[in-house]
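Colleague: I am new to this structure, and I would like to learn how to read the surroundings of a ligand. Could you take me through it step by step?

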Amino acid sequence: MEGYFDYAATCPMDEDALEAYVHATRHYFANTKSLHDSGTKAHALLDQCRNTIADLLGIEREGVYFTSGGTESNELALDALLKAGKGRHIITTEAEHSSVRNLIQRCEEEGYKVTRVPLNEKGMVHVEDVARAIQEDTVLMAIQHVNSDIGTVQPIRELSNLCRAHGILFHSDCVQSFGKMALEEVAPYVDSLSVSSHKLYGPKGVGAVYIRPSLSFHPKTPGGTHEGGVRAGTVNTPGIAGFTVAAEKMVKERSRIESKIVQLKKTFLEAGEWRLVGDTADSSVPIIGLLLPEIEGQWAMLEGNRRDFHFSTGSACRTGSQGPPGTLLAMGCDAEEAKSFIRLSFSHEQTNEQVEKLALFLNELHKPTVAK
Ligand SMILES: Cc1ncc(COP(=O)(O)O)c(C=O)c1O
């Protein structure tokens, strides 16, 4: 779709991924736990996918569990780390995806202490703030890699050093970065991470969680036989096959994709005087957060929709919620000002012309010729 600028919410399926999905649905439909030949064949495909995803992430295959997506991956990871570690204090940010925020809030209600470190005006955590937040019984740090509202990239390596020095387990949500950035720079430094298929042109309802195999924990749903007992339920082999093909393609073509995104962002940024949220102008992350002058983001989104420009006012998971994105609140942005926030997210399949048209539309929103 010409005017679709909501790729951080979800992507259309890549043609090769779709083909792999359909092929696996036809020929690898058996239950991977069945002992007959059809089951063995499906299991072999699952094994092959696990090896590929592990290689793409630069992690041990034994720690990779397929899930229904980023949300479930985050929940399984946090649950596992809290069980594997010792302590009742958690460090996180208000800018995490709702699946992380909600679970940590539940932990708080159950008696865990939680420190939510702020983001600075660049949309980054200060490593010094995080260091100051560490307590004797800090068990877990949950800080995302790439932010889903504004696209900033957190300093995973430095945060990991802090965690290692203090015996804290570290989870990072990599849903917005897998396939778009080199995760070899992240995966070795965390104890768990989550990824999702539909954010990189794979099928929806599929994802993976990595939990460091040396950790010992009781699974969230005991008694399961699939996925090493960590995740119960028949495995979605066709979805996993589609996910693997999509991920492989994105990683293989990453440098081309990154330069295309940088170029599209440059085109957009040069086409107007924008108030960018966070320091993301030069990065290859395909997300831009903007504050529109004296225009409500919600109104801009509806007006855009009328003209076939589809973008959002933050993470799709917030749709229907009243407040501004947690990311902006974590940055100390005034709640009234945060109402003028919109998120644009790009695809390497887009053209400069498409981006120019969007910029023109947003520029014209300020002019009286557009009916408000
Ligand atoms: C950073 C982040 N984490 C997790 C998720 C959830 O992923 P899924 O839709 O696969 O459950 C999203 C989706 O918006 C996200 O942006």
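**Around the ligand**

Modeller: The largest share of the shell around the ligand, 3 residues, is supplied by helix α3 (residues 70-84), helices being DSSP runs of H or I with at least four residues, numbered from the N terminus. This is a predicted model, in which local features need pLDDT of at least 70 and side-chain atom pairs count only at pLDDT 80 or more, while totals for chains, interfaces and linings use all residues. Residues are numbered from 1 along each chain as its sequence is written, and side-chain values use heavy atoms, with hydrogens and water left out.

Colleague: Which of the 13 residues around the ligand come nearest?

Modeller: A residue is near a molecule if one of its heavy atoms lies within 4 Å of it; here G70, T71, D173, S196 and K199 come nearest.

Colleague: Which side chains have a polar atom close to an oxygen atom of the ligand, and at what distance?

Modeller: A polar contact is a pair of N or O atoms within 3.5 Å. For T71, a polar side-chain atom lies 2.7 Å from a ligand oxygen, for S196 the distance is 2.6 Å, and an N or O atom in the side chain of K199 is also 2.6 Å from an oxygen of the ligand. Taken alone, the ligand exposes 390 Å², of which the protein buries 90%, with accessible areas coming from the Shrake-Rupley method with a 1.4 Å probe.

Key:
A polar contact is a pair of N or O atoms within 3.5 Å; within protein, one must be able to donate a hydrogen and the other to accept it, and residues adjacent in sequence count only if both atoms are side-chain atoms. Helices (H or I, at least four residues) and strands (E, at least two) are DSSP runs, numbered from the N terminus.
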